[in-house]
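Q: I'd like a close look at one part of this structure, with the pieces joined up into a picture. Please go slowly, as I'm new to this.

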Amino acid sequence: MLYLIRHGQTELNWAGRLQGSLDSRLTDRGQEQAHAVGEKLKTEIGTQSVTLWVSPLGRAQQTAGIIQEYIKPSDIQTDTRLAEISLGDWEGMTMEDIEFTHPGILDGSDRFDWAYRAPGGETREAFLSRLKDWLNNIEQADTVAIAVSHGWSGMGLRSLYTGQPFAEVSARGDSHEAVFEFSDGKLREF
């Protein structure tokens, strides 16, 4: 069983800037969201033994620290495979900045493929390969796992698990307060 969550809102989220592998502290709202997720997890899993898997990026680490006030993991693992997609030269920019500095580069792209066009960024294949590798390891483990990750990484994991395209798994939501349960080939959001 796997529970997947996204880090709380960050200062860069709030400013409408792309983060990728950059880091940004949680806003007050982001900290409230992490507490809300911690409460949900406490209600859902109680005191059962869990492994907490966390992206190495500070915003995920900060969120995981708050969640640990509600659950007591038996093991904590930081794993680079859970990191957000690298956006190369576009990290820290707004979409308007990208259009200004790289005219036409987003032409013909959609909501789910523009990130793979980032100069110096991660390719679709590399991004999904590392997520698939992590998910395969988790599915073979005989433990309850909680993963603290990111927006794109979360969509990637949900897409790989269900076999649905990004557009369909994104329609389920990508809130900073959502908890996704992966169990028996099914995905449940609460």
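A: Let's start with a word we'll need: two residues are in contact when they have heavy atoms within 4.5 Å of each other. Keep in mind too that this is a predicted model.

With that in hand, look at where helices α2 and α3 meet. On the α2 side, the residues in contact are Gln-31, Ala-34, His-35, Val-37, Gly-38 and Leu-41. On the α3 side, their partners are Gln-62, Thr-63, Ile-66 and Ile-67. Sorted by class, this contact holds 5 nonpolar and 5 polar residues, with no charged residues.

How do the two helices lie against each other? The angle between α2 and α3 is about 50°, and their axes are 8 Å apart. Angles under 35 degrees would count as roughly parallel, and 65 to 115 as roughly perpendicular. The pair is therefore called oblique. As for handedness, α2 crosses α3 in a right-handed way.

Now zoom in on α3 itself, which runs over residues 58–67. Of its 10 residues, 7 are buried, so the rest of the structure largely encloses this helix. Buried here means a relative accessible area under 20%. The ones tucked away are Arg-59, Ala-60, Gln-62, Thr-63, Ala-64, Ile-66 and Ile-67. Go back to the α2 contact and you'll find some familiar names: Gln-62, Thr-63, Ile-66 and Ile-67 are the α3 residues that meet α2, and each of them is on the buried list. A bit of helix geometry helps here. An α-helix has 3.6 residues a turn, so residues three or four places apart point the same way. Check the numbering of those α3 residues with that in mind.

What else do the buried residues of α3 pack against? Besides α2 (28–45), they pack against the strands β1 (2–6), β2 (50–54) and β4 (144–149).

The α2 helix has an outward-facing residue to show as well. Thr-43 is in α2, and its relative accessible area of 69% makes it exposed. Thr-43 and Ile-71 are 28 residues apart along the chain, and their C-alpha atoms are separated by 9.6 Å. Keep following the chain and you reach Gln-48, in the loop between α2 and β2. Gln-48 is partly exposed, at 37%.

For a second example of helix packing, move along to α5 and α6. Helix α5 covers residues 124–140, and it packs on α6 at an angle of about 60°, with axes 10 Å apart. These two are therefore oblique to each other, and their crossing is right-handed. From α5, the contact uses Phe-127, Leu-128, Arg-130, Leu-131, Lys-132, Trp-134, Leu-135 and Glu-139. From α6, it uses Trp-152, Ser-153, Gly-156, Leu-157, Leu-160 and Tyr-161. By class, that gives 9 nonpolar, 2 polar and 3 charged residues. Set that beside the contact of α2 with α3, where there were no charged residues.

Is α6 mostly enclosed or mostly open? The count is 10 buried residues out of 12, so α6 is largely enclosed by the rest of the structure. Those buried residues include Trp-152, Ser-153, Gly-156, Leu-157 and Tyr-161, which you just met in the contact with α5. Gly-151, Gly-154, Met-155, Arg-158 and Ser-159 are on the buried list too.

You can also check the length of α6 yourself. It spans residues 151–162, and at 1.5 Å a residue its 12 residues should cover 16 Å. That expected span is 1.5 Å times one less than the number of residues. In the model, the end C-alpha atoms are 17 Å apart, which agrees. Just past the end of α6, Gly-163 takes a positive phi of about 80°.

To put it together, what do α3 and α6 share? Each is largely enclosed by the rest of the structure, with 7 of 10 residues buried in α3 and 10 of 12 in α6. Each also has a helix lying oblique to it: α2 for α3, and α5 for α6.

Conventions
Residues are numbered from 1 along each chain as its sequence is written. This is a predicted model: local features need pLDDT of at least 70, side-chain atom pairs count only at pLDDT 80 or more; totals for chains, interfaces and linings use all residues. Side-chain values use heavy atoms; hydrogens and water are left out. Helices (H or I, at least four residues) and strands (E, at least two) are DSSP runs, numbered from the N terminus. Buried means under 20% relative accessible area, exposed over 50%, partly exposed in between (1.4 Å probe, protein chains only). Axes are lines fitted to C-alpha atoms, for helices over the stretch in contact, and angles run from 0 to 180 degrees between N-to-C directions. Angles under 35 degrees count as roughly parallel, over 145 as roughly antiparallel, 65 to 115 as roughly perpendicular and the rest as oblique. A crossing is left-handed if the near helix is turned anticlockwise from the far one by less than a right angle, and right-handed if clockwise. Ala, Val, Leu, Ile, Met, Phe, Trp, Tyr, Cys and Pro count as nonpolar, Asp, Glu, Lys and Arg as charged, and the others, Gly among them, as polar.
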